[in-house]
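Open the model in your viewer and keep the selection tool at hand. We will go stop by stop.

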Amino acid sequence: MKRRVGVLISGRGSNLGALIRAAAAPDFPASVALVVSNEPAAAGLALAAAAGIPTRTLPHRPHGRDRAAHEQAIQDTLEAHAIELVCLAGYMRRLTPFLVERWAGRMLNIHPSLLPAFPGLDTHARALAAGVALHGCTVHLVTAELDSGPILAQAAVPVLPGDSESELAARVLAQEHLLYPAALRAHIEDRAMRPAPGASLANPLPQLRSEP
Ligand code: GRF
């Protein structure tokens, strides 16, 4: 039986799209059973609807500062759809322990940096400003502290001379789309991610490649 995954988004939804495509494979151990957005205009909602996935918009603004009330609405929706695992995919609200603790070990996030470097926003600009040679993305379990939960998987990309922020972001995003489904599968199947084929000391970048 596929595990029922709920995906929380706020915007574009390209990682959601990667999860939907991966989950369509019969041997993938999860199905995307629900997509929740706090932003009514999130493009990812249309993506999910086109794939026949139930969507819910749960705006945070009507709840004002009452984060628990908003998170209770999310919790109720997840329960109503019998969700077993949650994937944050560009969900731009900080979650409080109210929701995070209910999903301990069952809520994943993808972050566009090699954590613990560059938690928070504007990771690509900060990586360029810092002059790092390697950048990338991380899938981690969500804990109450932002971008700090146990790391499940990472993929690295080189920072190339003259890179613009958007060029670097695109290189990282291509890896995100491979990493998130792979990390979700590994988490469900309870195995650590092995280094990608080809990764070695001579070629230490564990870049993921699409299946041929
Ligand atoms: C991604 O870069 C993800 O790592 C970050 O937010 C962005 C969401 O992009 N958490 P998308 O909505 O999945 O296209």
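The expected span of a helix is 1.5 Å times one less than its number of residues. Keep that rule in mind for the first stop. Note too that this is a predicted model.

**Stop 1: helix 3**

Select residues 67–80. This is helix 3, with 14 residues. From its first C-alpha to its last, helix 3 reaches 20 Å, close to the 20 Å expected.

Which residues of helix 3 are buried? Colour H70, E71, I74, Q75, T77 and L78. These buried residues cover an arc of only 165° around the axis, which puts them on the same side of helix 3. There is a general reason behind such patterns. An α-helix has 3.6 residues a turn, so residues three or four places apart point the same way.

Now turn to the face away from the buried side. The exposed residues E79 and A80 are there.

What do the buried residues of helix 3 pack against? Show strand 1 (3–9), strand 2 (30–37), strand 3 (55–57) and strand 4 (85–88). Add helix 4 (97–100), which they also pack against.

**Stop 2: T77**

Zoom in on T77, in helix 3. Is T77 buried or exposed? T77 counts as buried, because its relative accessibility is 11% and the cut-off for buried is under 20%. Leaving aside residues up to four places away in sequence, T77 touches L34, V36, R56 and L58.

**Stop 3: just past the helix**

Step on to A82, in the loop between helix 3 and strand 4. Its phi is near 50°, a positive value in a residue other than glycine. A82 is partly exposed, with a relative accessible area of 43%.

Another residue to select is D147, in the loop between strand 6 (134–141) and strand 7 (151–158). Phi of D147 is positive too, near 55°. D147 counts as buried, at 11% relative accessibility.

**Stop 4: the nonpolar cores**

The largest nonpolar core has 38 residues. Select V7, I9, L16, V32, V35, Y180 and L184, which have the most contacts inside this core. Helix 6 (residues 165–188) gives the most to this core, with seven residues.

Centre the view on L184. What does L184 touch? Not counting residues up to four places away in sequence, L184 touches V5, L19, F28, A30, L85, C87 and L108.

Apart from the largest core lies another core, of 17 residues. Among them are L8, I83, V86 and V100.

**Stop 5: the ligand**

Show the ligand. Around it are R12, G13, S14, N15, G90, I110, H111, P112 and E176. Check three distances here. A polar side-chain atom of R12 lies 2.5 Å from an oxygen atom of the ligand. For S14, an N or O atom in the side chain is 2.5 Å from a ligand oxygen atom. For E176, a polar side-chain atom is 2.7 Å from an oxygen atom of the ligand.

**Stop 6: a cis bond**

Select L115 and P116. A cis peptide bond joins them, with omega about 10°. P116 lies in the loop between strand 5 (107–111) and helix 5 (123–130).

**Last stop: two alanines**

Find A41, in the loop between strand 2 and helix 2 (43–50). A41 counts as exposed, at 73% relative accessibility. Its C-alpha is separated from that of L178 by 26 Å.

Finish at A182, in helix 6. A182 counts as partly exposed, at 26% relative accessibility. The C-alpha atoms of A182 and T143 are 21 Å apart.

Methods:
Residues numbered from 1 in each chain as written. Predicted model: local features only at pLDDT ≥ 70, side-chain atom pairs only at ≥ 80, totals over all residues. Heavy atoms only, no water. Helix = DSSP H or I, 4+ residues; strand = E, 2+ residues; numbered from the N terminus. Buried < 20%, exposed > 50% of the residue type's maximum accessible area, 1.4 Å probe, protein only. Arc of directions from axis to C-beta. Contact = heavy atoms within 4.5 Å. Core = buried A, V, L, I, M, F, W, Y, C linked by side-chain atoms within 4.5 Å. Near = heavy atom within 4 Å. Polar contact = N/O pair within 3.5 Å; in protein donor to acceptor, adjacent residues only side chain to side chain.
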